[in-house]
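Here is a short tour of one protein model, written with a computational chemist in mind. Please have a look at the structure, then read on.

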Amino acid sequence: MKLREKDSADNKGSDLEKKKLDWSCSLIVASLVGAFGSSFLYGYNLSVVNAPTPYIKAFYNESWERRHGYPIDSDTLTLLWSVTVSIFAIGGLVGTFLVKVIGKFLGRKNTLLVNNGFGVSAALLMACSLPAGALEMLIVGRFIMGVDGGIALSALPMYVSEISPKQMRGSLGQVTAIFICVGVFAGQLLGLPELLGKESTWPYLFGVIVIPALVQLVSLPFLPQSPHYLLFEKHDQEGAEKAFQTFLGKEDISCEMEEVLAESCVQRNIRLVSVLELLRSPFVRWQLITVVISMACYQLCGLNAIWFYTNSIFGKAGITPEKIPYITLSTGGIETLAAIFSGLVIERVGRRPLLIGGFGLMALFFGILTITLTLQDHAPWIPYLSIVCILAIIAAFCSGPGGIPFILTSEFFQQAQRPAAFTVVGTVNWLSNFTIGLLFPFIQQSLDTYCFLVFAAICFTGALYLYFVLPETKNRTHAEISQAFAKRNKAYPPEGRTDSPVTDDKTNIRPEPDSSSALEN
């Protein structure tokens, strides 16, 4: 009995030691530096245009009058401003399509490094637009910044997922969402009048984009390439072993290599799958549907619509207009704290409860918010309840839906399919972003406060779908996740070969759903 207890204690101690060793300094630095120069800039550029809006419109009017000799009319000014805001999403769509091309030749890490060129050039264009008196520089800069965001939101999750041990994929994957929230908060903070949100200093709001890009540019070259990329696409086993040793902080990486080599045997003669091949493949049909729906809900869930009502709700609660920008900072703080909380608990709770629970809570609080906005003039305490609902919606979003769709895209697809999968999901992301920006003013004008019922329905539908379809992926290999979807797909991946990524359905459909996994084969 004592011997058994001693063995159990030794096993627990070795497991604890393994977990500690897996958290190497290089792994953390790669995740933080990668996110700081990538997803941070995406979040920052979402919020940075809000504070200097009147100054940028005044700059557009001055530039137009200087060139044409008469002031710009209001319709043209509105059009120019709409283009300035929405062209960021169009650039993001272009960046999404560039990821597969650049990543094929350069790998994940070098794609992030090259992407800094877009960030730096965009920052210089936007910062110099006022001194040059050229409004086109600001618009082009926003487009290039969108390209940077499109590349970053695909390359970064792939890189972080491929350098992380499976026990920590979720926690490190949430770094992407955490830095998006930190970027939004930084944009709100620097946009305050006491800092850079003034008429004379607004170009510097765009100029500071250079700093995260340069930090990543000088730090990331000292870290290894993705071991999965080295092994699967470069066939460099020695380089992959060294990369694993650096990221995991230990010499003995036999377990990790055995797991990856087993996947490599299934994916012999690997080549990258095209988007069309991925869409036609029966083996990942439900995986693709699931990530597309989760990403569409990520953008269409109505979080952006919250900002439209924030100022009016705060004003109804008795907060003076001068103090509203400072109170709005609380929303950015809530976003960041909720994302950090999600990163801390995701490996204990799992992806499934956080994602389904997040969308479910958003649907609930959107319904309550609709009621409070409709009745806010009936009692002095109702606007305060509206503020609580707003903060609860933001917290529910960032605790799950704000980052997990990126993690699932990395986990659902094998090495050859991942770039094409991120192209599809990124396209859905940016098109949904553009759609909600285009349609929300009309929805709000038609439905007024009842517009939040539309978003409640979207969140509820997303939660319902995920409840019935999404399996838990925590601590599971790609082969195990594929096995979880195999019964629903009614097709099993071809064994031992991926020369032809898309195979005839009939040759791979198995009559028995409980057959062994691809990894065991």
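How much area does the protein expose, and what share of it do carbon and sulfur atoms supply? The exposed area is about 22,400 Å², and 65% of it comes from carbon and sulfur atoms; accessible areas follow the Shrake-Rupley method with a 1.4 Å probe, where for residues only the protein chains shown count as cover.

Some ground rules will help. This is a predicted model, in which local features need pLDDT of at least 70 and side-chain atom pairs count only at pLDDT 80 or more, while totals for chains, interfaces and linings use all residues. Numbering starts from 1 along each chain as its sequence is written, and side-chain values use heavy atoms, leaving out hydrogens and water.

The mean pLDDT (the predictor's confidence in each residue, from 0 to 100) is 80, with 84% of residues at 70 or more. Two stretches stay under 50, and the table gives their contacts (heavy atoms within 4.5 Å) beyond four places in sequence.

| Stretch with pLDDT under 50 | Contacts beyond four places in sequence |
|---|---|
| residues 1-21 | six contacts |
| residues 495-521 | 59 contacts |

Where pLDDT is low, the predicted coordinates should not be read in detail.

The protein has 23 helices and zero strands; these are DSSP runs numbered from the N terminus, with helices being H or I of at least four residues and strands E of at least two. Of the 521 residues, 55% are buried, meaning under 20% relative accessible area, with exposed over 50% and partly exposed in between (1.4 Å probe, protein chains only). Among contacts with a separation of 6 or more, 82% join residues 24 or more positions apart.

On the surface, Ile 90, Val 94, Leu 98, Phe 434, Leu 438, Leu 439 and Phe 442 make a nonpolar patch of about 580 Å². Helices α5 (74-127) and α21 (418-447) each supply at least two of its residues, and α21 gives the most, with four. Val 94, in α5, counts as partly exposed because its relative accessibility is 34%. Leu 439 also marks a kink of about 40° in α21, shortly before Pro 441. After α21 comes Asp 448, with a positive phi near 55°.

Elsewhere, Trp 286 sits in helix α15 (residues 285-300) and is partly exposed, at 25% relative accessibility. Beyond four places in sequence, Trp 286 touches Tyr 465, Val 469, Phe 485, Arg 488 and Asn 489. Trp 286 and Phe 485 are 199 residues apart in sequence, yet their C-alpha atoms are 7.0 Å apart in space.

Conventions
Patches are made of residues with over 30% relative accessible area and no salt bridge: like charges are joined within 9 Å, nonpolar side chains (Val, Leu, Ile, Met, Phe, Trp, Tyr) within 5 Å. A salt bridge is a side-chain nitrogen of Lys or Arg within 4 Å of a carboxyl oxygen of Asp or Glu. The bend at a residue is the angle between axes fitted to the seven residues ending there and the seven starting there.
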